[in-house]
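Good morning, everyone. Please have the sequence and the viewer open, since I would like us to look at this one together.

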There are 2 protein chains.
Amino acid sequence: MPEFRKDPIVGRWVIIATERAKRPAVPKLEAANSTPARPCPFCAGNEEETPGEILAYRDPNTKANEPGWRVRVVPNKFPALQVEGDLNKCGEGIYDKMNGIGVHEVIIECPEHQVTIANLPEENFREIFWVYRDRLVDLKKDPRLVYGMLFKNTGSAAGATLEHTHSQLIVTPIVPISVWEEMTGSLEFFNYRGRCIYCDMIRQELSTDTRIVHDTPNFVSFAPFASRFSFETWVLPKHHNSHFENIQKTEVEELAGHFKTILMKLETALDRPAYNYIIHTAPFDTQALPHYHWHIEIIPRLARVAGFEWGTGFYINPIPPEQAACVLRETEVTWR
Amino acid sequence: MPEFRKDPIVGRWVIIATERAKRPAVPKLEAANSTPARPCPFCAGNEEETPGEILAYRDPNTKANEPGWRVRVVPNKFPALQVEGDLNKCGEGIYDKMNGIGVHEVIIECPEHQVTIANLPEENFREIFWVYRDRLVDLKKDPRLVYGMLFKNTGSAAGATLEHTHSQLIVTPIVPISVWEEMTGSLEFFNYRGRCIYCDMIRQELSTDTRIVHDTPNFVSFAPFASRFSFETWVLPKHHNSHFENIQKTEVEELAGHFKTILMKLETALDRPAYNYIIHTAPFDTQALPHYHWHIEIIPRLARVAGFEWGTGFYINPIPPEQAACVLRETEVTWR
């Protein structure tokens, strides 16, 4: 029997329909292509192919926009938003619009041509998380901007157009509607129960154990109860914290290894799928929030999203999260 | 300069970013594959390959589940939902769930192996719309069900797994969250202005003309102001009506030709793209609503939806709707 499950935060219903997994056209895994692009603008030595760097962690005595960097942040060459100008909010009859002010940056995660972040050493993961934090802290100073979204697309099925491993940062003058839904959903729960719903989820998941993928002292990863996508995995800090940029140094160190483990498990179990991950964090213009809890959502792209999902906001997921979590838990990865 | 545009109904912001269209990796068009699947379960003569028919428009003196039909409705062989049973709503700690009760049907739109609906004669379109209506009217009688979503996936990029032209109907015991957002957004506007926001949009679009794609006495098609996707096109009846199933006979006749024209324009201008269309209509358990207006949304799938869109509900559209509408308006199609 298929099952409807409700996401307790935004109220979205998901259909867990194992019957669908028996279809002749099984969701296909699209492996990330590993042919090196020539010349790759993100490889060390090709720094002039990108706009000038905004931030880089580099070896001593190396110069900006030259090799010697380990992680490098540059403006997106084809940005969705522009940083210069005023918002100029205005109407057009019944419609509302404003200028596309904002920031669109690319975080190049390693100097050599690696197509998957999971292969990088733990130290790189630490530096990547520090770069994420540094950019958010810096951009929060611009009073026009209210939200910073850090995300990664791996594989063409997930929307990546360049294969050299990288993530992106889009900073907007409006709180995105999905973030707004998370904020209001978790606030409603907090007003009713006086607790953070994410903290409650962590407690329940750790006590039932069936959806846990990985558990370390300060972080836990699980397949969410109302997983929209097969093998969807959330990574949450165990200590309540609404803003990713307020992460503790010891947490960054642990998260690097925890996150690398999860990505390696996904790549091994699903044979290098295309995937996205997104850091969900509170808006810039908020103080520490008792009801919101930053986290990372990892979404493997095993099947195409079809018309029904678009039209309804219902997702049909053929693999129950309990089964996905079991597969990932039992997938052994070693990297030390 | 990119532009933020707000969808006036659900409040979703879209970024119109023409700069993005200059990227080297241009959104690829995925043509619907035209190799006939062997043996295609939807072709006439293979009726035993599908579950038994629920409804068919057939020639006189032909029998159920045998050739002689023109449009045929069967249960989905791999359904996301099951019709038998009780909802059995219950909790699981902080989570809510219920049985996946509902209906999942397939509408096979022609007996011969056509891969695109646009090639079908106008008469077939009429019958397809009548079948849509008949199924909704019939399923509304089940008190457990509250919403019927009619949609079509064409091309594998749009989620289609069988190429023989068909659409689907999923009927659920819950109002989908996206429908709920349209209902509440349009009700808010109605409470404030006393008018249907869709009627207002039709008036404004017809008076400015820049986003109109096709205009006939009782229907209008336009590229919406806050188009999430390149070449997104909405088809609306000019006379206010919240429920698709209350369509007038003369409207069905006109819609058939109007809709065929739009699909032919899209197929010609975009070289047979993958696309979805979805009929947006009011929930079963509502009377005629003054604030809601049924319509069809057509979404070509020219680019992959990436991490940013998932995480934020913001869409980045590289082609302004004014430009898309102009291309479609000027695309000549003849079929009489």
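I will go through the two copies, then a sheet, and then the nonpolar core.

Please keep in mind throughout that this is a predicted model.

Let me begin with how the chains sit relative to one another: chain A is superposed on chain B by a rotation of 180° with 0.0 Å of shift along the axis, and the RMSD of that superposition is 0.0 Å. The two copies are therefore related as by a two-fold rotation axis. Both copies use the same surface, in that 98% of the contact residues of chain A recur in chain B.

Now to the sheet, which is an open one of 5 strands with mixed pairing, running in the order β5(A)-β6(A)-β1(B)-β2(B)-β15(B). At its edges stand β5 (90-92) of chain A and β15 (315-317) of chain B, and because each has a single partner strand, one side of each is left without a neighbour in the sheet. On average, and ignoring direction, neighbouring strands here are turned by 30° against each other.

Where do strands of chain A and chain B pair? Strand β6 of chain A, residues 95-99, pairs with strand β1 of chain B, residues 3-6, in the antiparallel sense and over 4 bridges; within β1(B), B:Phe4 is the residue that stands opposite A:Met98.

Finally, the largest nonpolar core has 183 residues, and among those that touch the most other members are A:Ile15 and B:Ile15. Beyond its neighbours within four places in sequence, A:Ile15 is in contact with residues of chain A including A:Pro2, A:Phe4 and A:Phe314, and also with B:Ala80, B:Leu81 and B:Gly100.

Terms used
Residues numbered from 1 in each chain as written. Chains lettered and ligands numbered in written order. Predicted model: local features only at pLDDT ≥ 70, side-chain atom pairs only at ≥ 80, totals over all residues. Core = buried A, V, L, I, M, F, W, Y, C linked by C-beta atoms within 7 Å. Buried ≥ 20, exposed ≤ 12 C-beta atoms within 10 Å, placed from the backbone. Contact = placed C-beta atoms within 7 Å. Least-squares fit on C-alpha atoms with pLDDT ≥ 70 in both. Pairing = 2+ DSSP bridges. Helix = DSSP H or I, 4+ residues; strand = E, 2+ residues; numbered from the N terminus. Axes fitted to C-alpha atoms, helices over the stretch in contact; angles between N-to-C directions.
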